[in-house]
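Thanks for making time for this. I will walk through the salt bridges and then the strands that carry some of them.

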Amino acid sequence: MPASAQPNDIRLICGLGNPGAEYERTRHNAGFVTIDILARRAHASFWKSEAGCMTCRIQLKGTDGEPCPVVLAKPQSYMNTSGGPLSTWQIGRASCRERV
């Protein structure tokens, strides 16, 4: 992430899914698959556990053509309760709700 990036500049892209091997290749994990594809395209390989989510940080080109810091998140609760981990993650940071 560039040193000049401010917390309010960071975007969050969250992909919903269900944890566990039984959901790994089902429609229930389309969000997780999408996040994995974005991470792979950005050559991201470092994931960490934060506030009940697996997260990684990447750079995407913003609408102005400049690099934009983005956090990819996969909440590790079931899809119906994924708001809890995402809310906890956001409370711990100064990101804007409009950028989720």
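A salt bridge here means a side-chain nitrogen of Lys or Arg within 4 Å of a carboxyl oxygen of Asp or Glu. Please keep in mind that this is a predicted model. By that definition, the structure holds three salt bridges.

Let me start with D36 and K74. Their side chains meet in a salt bridge, at 2.7 Å from N to O. Where do D36 and K74 lie? D36 is in helix α1, residues 30–41, and K74 is in strand β4, residues 67–75, so the pair ties together parts that are 38 residues apart in sequence. As for exposure, D36 is partly exposed, with a relative accessible area of 26%. K74 is at 13%. Because buried means under 20%, K74 counts as buried.

Now the other two bridges, which involve E50. One runs from E50 to K48, with 3.9 Å from N to O. Another runs from E50 to R57, with 3.2 Å from N to O. Is E50 buried or exposed? At 9% relative accessibility, E50 counts as buried. K48 is partly exposed, with a relative accessible area of 35%. R57 is partly exposed, and its relative accessible area is 35%. Since these salt bridges share partners, K48, E50 and R57 are joined into one network.

Next, the strands behind that network. Strand β2 covers residues 48–50 and strand β3 covers residues 53–61. The two run antiparallel, and three bridges join them. These are bridges between strands, as DSSP finds them, and not salt bridges. In β3, the bridge partner of K48 is T55. What sits in the hairpin of β2 and β3? There are two residues between the strands, and A51 takes a positive phi near 55 degrees.

On to β3 and β4. They also run antiparallel, with nine bridges joining them. R57 appears again here: in β4, its bridge partner is V71. How many residues lie between β3 and β4 in their hairpin? There are five, and G65 in the turn has a positive phi of about 85 degrees.

To put the pieces together: R57 has a salt bridge to E50 and a strand partner in β4, V71. K74 lies in β4 as well, and its salt bridge partner D36 is in helix α1. That is what I have for today.

Technical notes:
Residues numbered from 1 in each chain as written. Predicted model: local features only at pLDDT ≥ 70, side-chain atom pairs only at ≥ 80, totals over all residues. Heavy atoms only, no water. Helix = DSSP H or I, 4+ residues; strand = E, 2+ residues; numbered from the N terminus. Buried < 20%, exposed > 50% of the residue type's maximum accessible area, 1.4 Å probe, protein only.
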